[in-house]
Every structure is written in structure tokens, then in C-alpha cells.
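Please open the model in your viewer and keep the sequence panel beside it, since the tour moves from one selection to the next.

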Amino acid sequence: MSEKHIDELSGVETTGHSWDGIRELNNPMPRWWVWTFYACIVWALAYTVVYPSWPGLTTNVKGYFGWSSRGQLATELTEAQATKAVYLEKIAATPVADILKDEELNRFATAGGAAAFKVNCTPCHGSGAAGGNGYPNLNDDDWMWGGSIDEIYTTITHGVRYTDDAETHASEMPVFGDILSPEEVKQVAAYVYSLSGGAPSDAALVEPGKALFADNCASCHGEDAKGLKDFGAPNLTDAIWLRVDGSEAGIAGQVTKPTHGVMPAWTARLGDTTVKELAVFVHSLGGGQ
């Protein structure tokens, strides 16, 4: 056996390994590190006894307490569903207007309505409820059928021009292309265009258009052209356009041959409780009256 080599500078025995004349010292590990290592081994063994660990052919060791993360999750979900059920029962039994008066119930309904909106309403109204061509923006205060919480609830419940619901909002704008001459349509379009600050292509058309509007359109849109929610007739003075681009030609096209949208009646699909949550959420967006 060869004699052990002691490093001349440190006085520590070397391992016998040498690289390019550099010898490796055989320093022991620090005691704190060794004891920590042993403690980890003990902790690991204890863990395998207490918690699920070793796999078997068909299952795994369940652990002394029988705990599992899946079991804990199932318990937490059950508790959450029980808590949720309490709020849902309260919403079902509470008139939608009174939900707004209960801060805690209002907060729960708003959260539930936001989730239901993302699943059912975003394809038409957009993820931010800003709408698009033919689909109203639910963030502003321009409401064709009324923006109170009860009116929003009614609209969601029965829909708009939805043939499977007898109480749906059903009014439609007449095809004025069959009633007015092309020149008269231009006159009405010029007048309506001027109501929101537009400059008509021919100012001389405005006055006769005003008279035609009073005779044919004011019964639904109102004498001031600010709309009547009983007919779902929009405000024509605020430059908010649902089915046209707001141009004079676009207005003329809508007057000549109007297009109408359809919104489903959601109660049959979602149930009254979810419809209430949707109404509370839509009302909370900022435009609710």
C-alpha cells in the first residue's frame, strides 16, 4: 500500500487524484451539511409513510392519513358548490331590481353574469361588450329597449324578434322604399344625417326631409328623433349607429330597405337565475339607467 500523501501547504490528506500536477484535497463535508443530508433522508422516509407515495401494480400507497390532493380538491369544490348554491337560491327568490340593493348578492351576481356573458354573449357583443355592426354596444347609455335593470332583464328573458317567444320585442321598421319615392328617401336621409351634426350633400333636402320625418317616422322615433323604447326605435341624434355606417348614403339604404337583428330569448336556455345574473352584469357595465 502506498503511503498517504499530505498536502504541504494545508496539511490535508489528498485523495490520490491528480490533474496536471494538481492534487485533490480530501476535505470532509461540513458537519451542518452532513446532518442536513441525514435529516432530509429521515424526512423523506417519514413522508412516504404519512402521504401517498410508492406506486404499485394497480394503485399506490395511500399514506397513514389517507390524504390526497385530488381528495382535498373534491372537498373544496363541494364546499364551494354548497356556498354557491346558497347565493343562487337567494338570486332565484329575489326580484332582479332588489339584487342591486344587496351589496354581497350584487357582487356575486355580477361575477356570475360576467362568466355567463363570456360563454353565451361574446360571439355577438364581443368580449368587452362593445358590440359591432348590427350588435349594440352595452357599455354606453344608448338603449333601444330601455336600460333599467328590469328592462334589461326583460330583453334578455324574451329576446328581440325571437319567433319562439310570444313576449319578445317584435317591432320592425317599415320598408319605406315601398312607401316613399327615391327622392323622398334622400330628403329623409339628409334630415336624419343633419340631426347628429352631419353636413348633408344638399342642404335644400333637409326641410322637406323634416316634414317627411314628422309624417312617417316621428310616431316611432319621437318628434325630437330621440327614439321611443316602447318600439325599440333608436335615438337618431346621438351619432350612434347600429346597422349603418352613419353616412348619408347608409341612412338612405336603411330607410329604403331596413335590416333587423334577432336576439334569442335566453331564459329557456340558461334559466331565470342566470338571466338575472346577466342582467345585473350588463347593467354594471356603465350604461345601465
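The stops below run from annotated spans to aromatic pairs, then to an annotated site and the nonpolar cores. Bear in mind throughout that this is a predicted model.

**Annotated domains**

Begin by selecting residues 108-196 and 204-286, which an unreviewed UniProt entry records under the feature "domain: Cytochrome c". In the span 108-196 the end C-alpha atoms lie 40 Å apart, and the span is 46% helix and 0% strand. For residues 204-286 the end C-alpha atoms lie 40 Å apart, with 49% helix and 0% strand.

**Aromatic pairs**

Turn next to the aromatic rings, where the count comes to 10 aromatic pairs. Select tryptophan 43 and tyrosine 47, whose rings form a tilted pair, 5.3 Å from centre to centre with 35° between the planes. Both residues belong to helix α1 (residues 31-50), where tryptophan 43 and tyrosine 47 are four residues apart, about one turn of the helix. Tryptophan 43 counts as exposed because its relative accessibility is 57%, whereas tyrosine 47, at 33%, counts as partly exposed.

Now add tyrosine 51 and tryptophan 67, an edge-to-face pair with 5.7 Å between the centres and 90° between the planes. Both tyrosine 51 and tryptophan 67 lie in the loop between α1 and α2 (69-93), so the pair ties together parts that are 16 residues apart in sequence. On accessibility, tyrosine 51 is partly exposed at 32%, and tryptophan 67 is partly exposed at 36%.

Two further selections involve aromatic rings. Trp33, Trp35, Phe37 and Tyr38 are linked by ring pairs into a cluster. Elsewhere, arginine 269 lies over the face of tryptophan 266, at 5.1 Å from the ring centre.

**The annotated binding site**

Which residues does UniProt place under the feature "binding site"? The unreviewed entry lists Met173, Cys217, Cys220 and His221. Although these residues span 49 positions in sequence, no two of their C-alpha atoms are more than 10.3 Å apart, so they gather at one spot.

Centre first on methionine 173, in the loop between α6 (149-158) and α7 (182-195). Methionine 173 is partly exposed, with a relative accessible area of 25%, and, leaving aside residues up to four places away in sequence, it touches Gln254, Val255, Pro258 and His260. Then move to cysteine 220, which is placed in helix α9 (residues 218-221). Cysteine 220 is partly exposed, with a relative accessible area of 31%, and its contacts, again not counting residues up to four places away in sequence, are Gly227, Leu228, Phe231 and Ala233.

**The nonpolar cores**

Finish in the interior by selecting Phe117, Ile156, Ala279 and Val282, the residues that touch the most other members of the largest nonpolar core, which has 27 residues. Helices α2, α3 (96-99), α4 (103-120), α6 and α12 (272-284) each supply at least two residues of this core, and the largest share, six residues, comes from α12.

For a closer look, show the surroundings of isoleucine 156: not counting residues up to four places away in sequence, isoleucine 156 touches Met263, Pro264, Ala265, Trp266, Thr267, Val275, Leu278 and Ala279. The last selection is a second, separate core of 18 residues, which includes Phe176, Tyr191, Cys217 and Ala218. Cys217 in that second core is also one of the residues listed under "binding site" in the UniProt record.

How values were computed:
Residues are numbered from 1 along each chain as its sequence is written. This is a predicted model: local features need pLDDT of at least 70, side-chain atom pairs count only at pLDDT 80 or more; totals for chains, interfaces and linings use all residues. Side-chain values use heavy atoms; hydrogens and water are left out. UniProt positions are given in the numbering used here, feature names are shortened, and annotations may be inferred rather than shown by experiment. Rings of Phe, Tyr and Trp (its six-membered ring) pair if their centres lie within 6.5 Å; planes under 30 degrees apart count as stacked, over 60 as edge-to-face and the rest as tilted. Buried means under 20% relative accessible area, exposed over 50%, partly exposed in between (1.4 Å probe, protein chains only). A charge sits over a ring if NZ of Lys or CZ of Arg is within 6 Å of the ring centre and within 35 degrees of the ring normal. Contact means heavy atoms within 4.5 Å. A nonpolar core is a set of buried Ala, Val, Leu, Ile, Met, Phe, Trp, Tyr and Cys residues joined through side-chain atoms within 4.5 Å.
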